[in-house]
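The following exercises are to be worked with the sequence and the coordinates at hand. Each task is followed by a solution in steps.

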Amino acid sequence: MYITPTSYLHKNYSGYTTKNANYNTRAGLNIKANSCDTVSFTGVKVIDPKVLKNKFAIMLSQDRWAEKLDIKMPECEEEKEALIEFLTHRKALDGYTRLTNERGRILLHKNWLSHVKVKDPTNPYIKDSEEELAKRGNIEAVLNTLDKKIAVAKSKNIQAIKYFENLNKLEEEYTASKLLKNNELAKFWYQIKKNNINKDHKYSTQELLDIVQGKKAIEQTEEVQKIKPVTKKITRKDVINELGEKYEQFLRENISIYLQNFNEANIEGRRIINEYLEKYNVAFPGLKKQLIRTVEDNIRKYNFKVESLGEGQYYQLDERHIELVAGLKLIKNKKAELAKLQKTANKNKDDKKAQAAVTKAEKSLAKFQREWIKALKEGVEAEAANREMFTAKGKGDAYDYLMGKNKNVVTYKKIYALIKENKGKLPEEVWESLIS
């Protein structure tokens with residue numbers, strides 16, 4: 001149940017290291033998303049309602065093929081209209097989505113086995129993966145059946161398929177013409193995750209549609225639900241699927257090919273298995289083996305994606321992450337020091353020495369903030385360059401799976417977008433959020 005650490009990123013890189021001695025202290029990465037990251041269309045020149053609705057449709061559907069959708073409640077009529085339209089078309093393709101995702105999971109096992117039998121024939125997980133595929137019977141026949149079902153589901157919902165094809169084209173057109181910027185997409189997605197009404201993925205697409213249309217109320221908070229009797233009977237399959245989804249989300253959001261913090265995945269794997277055993281082992285005897293296999297399946301999937309990246313010359317970003325965290329600690333200390341000096345100076349306004357100390361501390365803080373912003377900019381641009389290189393090698397999907405939802409990468413990009421919007425600076429409230 002272990003993620004295999006890889007070394008190709010550490011052995012083959014372009015000498016991307018910091019020259020700033022102020023940021024070389026090692027620390028755990030713990031950047032927080034800023035609290036003022038909101039979306040506004042203020043100042044947008046194009047006010048055509050159709051364009052606005054299309055923009056909302058694109059931003060609302062960024063994870064359109066997930067089996068369980070993340071959404072937030074709309075804040076205006078255009079957003080509500082776009083969300084209802086998106087959910088209506090997506091509901092028609094729920095079956096299509098499940099089938100294509102199932103096909104993808106089978107192919108992942110199949111491709112992993114083909115790869116690892118050549119590259120690592122003694123891998124202890126080969127037997128488990130073969131047994132998992134064997135349960136499905138003749139894999140080629142299963143895939144053939146899935147292909148036929150997918151084709152039928154697609155043919156029965158041509159209108160919905162065309163809706164999403166058109167949405168893809170619109171996204172390309174709007175981003176190319178600057179009607180929609182990447183930072184808008186990132187900021188809106190942050191708002192969806194922050195205000196997600198389906199965090200536990202308990203609502204189906206139809207239920208989400210009913211909630212948005214006011215036909216169904218959002219269920220009470222988890223704290224209130226705890227004192228109420230459970231009305232839905234949970235099955236063994238529900239437990240296994242829920243654990244699998246949560247663990248996969250953990251891997252994608254927390255594990256980084258740059259930091260190589262793979263041991264955290266093993267710790268979390270053991271923790272989540274114990275958590276679910278404590279809750280469900282009495283109801284479902286013999287659950288442990290299935291939970292372990294589910295965690296290991298996710299680890300195999302992750303490892304396969306890592307291995308599929310191959311070797312090459314890429315920017316090394318672990319030190320950049322470390323220096324950014326150390327830089328924030330330094331800025332926090334400088335701000336605390338400045339606050340004390342300001343307090344002293346305010347009590348002694350005629351004390352020129354105290355006033356000079358404040359001025360010096362302000363300049364020092366500003367310098368460290370500029371250096372931190374510069375380091376962030378270099379790190380974000382280097383990560384983008386890595387993504388482009390992987391994409392050029394045909395490995396874009398694997399890279400996006402591994403790093404596309406990584407919390408640190410996503411957060412840095414959002415901060416960078418704000419810096420660009422604010423002419424190279426960050427608002428004071430954002431600094432406060434970062435160092436709190």
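**Exercise 1. A helix and its packing**

Which residues of H11 are buried? Determine also the span of this helix and the elements that its buried residues pack against.

Solution. The model is a predicted one.
Step 1: helix H11 covers residues 236–254, which gives 19 residues.
Step 2: the distance from its first C-alpha to its last is 27 Å, close to the 27 Å expected at 1.5 Å a residue.
Step 3: the buried residues of H11 are Val239, Ile240, Leu243, Gly244, Tyr247, Glu248, Phe250, Leu251, Arg252 and Glu253. The list thus includes Glu248, Arg252 and Glu253 beside residues such as Val239 and Leu243.
Step 4: as background, an α-helix has 3.6 residues a turn, so residues three or four places apart point the same way.
Step 5: the packing partners of these buried residues are H12, H13, helix H16 (396–403) and H17.

**Exercise 2. Overall composition**

State how many helices and strands the protein has, and describe its burial and its contacts in sequence terms.

Solution. Step 1: the protein contains 18 helices and zero strands.
Step 2: 43% of its 436 residues count as buried.
Step 3: take the contacts between residues at least 6 apart in sequence; 78% of them join residues at least 24 apart.

**Exercise 3. The nonpolar cores**

Which residues touch the most other members of the largest nonpolar core, and which elements give two or more residues to this core?

Solution. Step 1: the largest nonpolar core has 46 residues, and Ile58, Ile71, Leu83, Phe86, Leu87 and Leu208 touch the most other members.
Step 2: two or more residues come from each of helix H2 (49–60), helix H3 (77–92), helix H4 (94–119), helix H5 (126–134), helix H6 (139–156), helix H7 (158–176), helix H8 (182–194) and helix H9 (205–212).
Step 3: a second core, separate from this one, has 34 residues, among them Tyr276, Ile299, Met403 and Val409.
Step 4: for phenylalanine 86, set aside residues up to four places away in sequence; the residues touched are then Leu60, Ser61, Arg64, Leu69, Tyr163 and Phe164.

**Exercise 4. The cavities**

How many cavities of 30 Å³ or more does the structure hold, and which residues line the largest cavity?

Solution. Step 1: there are two cavities of 30 Å³ or more.
Step 2: the largest cavity has a volume of about 90 Å³. Its lining consists of Leu317, Arg320, His321, Leu324, Leu376, Gly379, Val380, Glu383, Val409, Tyr412 and Lys413.
Step 3: at least two lining residues come from each of helix H14 (318–347), H15 and helix H17 (407–421). H15 gives the largest share, four residues.
Step 4: by class, this lining has six nonpolar, two polar and three charged residues.
Step 5: the second largest cavity holds about 30 Å³, and its lining is made of Leu60, Ser61, Gln62, Asp63, Arg64, Leu69, Asp70, Phe86 and Trp189. These divide into four nonpolar, two polar and three charged residues.
Step 6: Val409 lines the largest cavity and belongs to the second core. Phe86 lines the second largest cavity and is a member of the largest core.

**Exercise 5. Buried or exposed?**

Assign asparagine 386 and proline 285 to the buried or the exposed class, and locate each.

Solution. Step 1: asparagine 386 lies in helix H15 (residues 352–392). Asparagine 386 is buried because its relative accessibility is 0%.
Step 2: beyond its neighbours within four places in sequence, asparagine 386 contacts Tyr258, Tyr314, Tyr315, Leu317 and Tyr399.
Step 3: proline 285 sits in the loop between helix H12 (262–280) and helix H13 (287–308). Proline 285 is exposed because its relative accessibility is 57%.
Step 4: from C-alpha to C-alpha, proline 285 is 9.7 Å from arginine 236, although 49 residues separate the two in sequence.

**Exercise 6. Positive phi values**

Where do lysine 178 and histidine 201 lie, and what are their phi values?

Solution. Step 1: most residues other than glycine have a negative phi.
Step 2: lysine 178, in the loop between H7 and H8, has a positive phi near 70°. Lysine 178 counts as exposed because its relative accessibility is 60%.
Step 3: histidine 201, in the loop between H8 and H9, has a positive phi of about 55°. Histidine 201 is partly exposed, at 23% relative accessible area.
Step 4: glycine 310, just after H13, also has a positive phi, of about 75°.

Technical notes:
Residues numbered from 1 in each chain as written. Predicted model: local features only at pLDDT ≥ 70, side-chain atom pairs only at ≥ 80, totals over all residues. Heavy atoms only, no water. Buried < 20%, exposed > 50% of the residue type's maximum accessible area, 1.4 Å probe, protein only. Core = buried A, V, L, I, M, F, W, Y, C linked by side-chain atoms within 4.5 Å. Contact = heavy atoms within 4.5 Å. 1 Å grid on protein atoms, 1.4 Å probe; cavity = no way out; pocket = protein on both sides within 12 Å on 5 of 7 lines; lining within 4 Å. Points joined across faces, edges and corners; volume = space filled by probe spheres on them. Nonpolar A, V, L, I, M, F, W, Y, C, P; charged D, E, K, R; others polar. Expected span 1.5 Å × (residues − 1).
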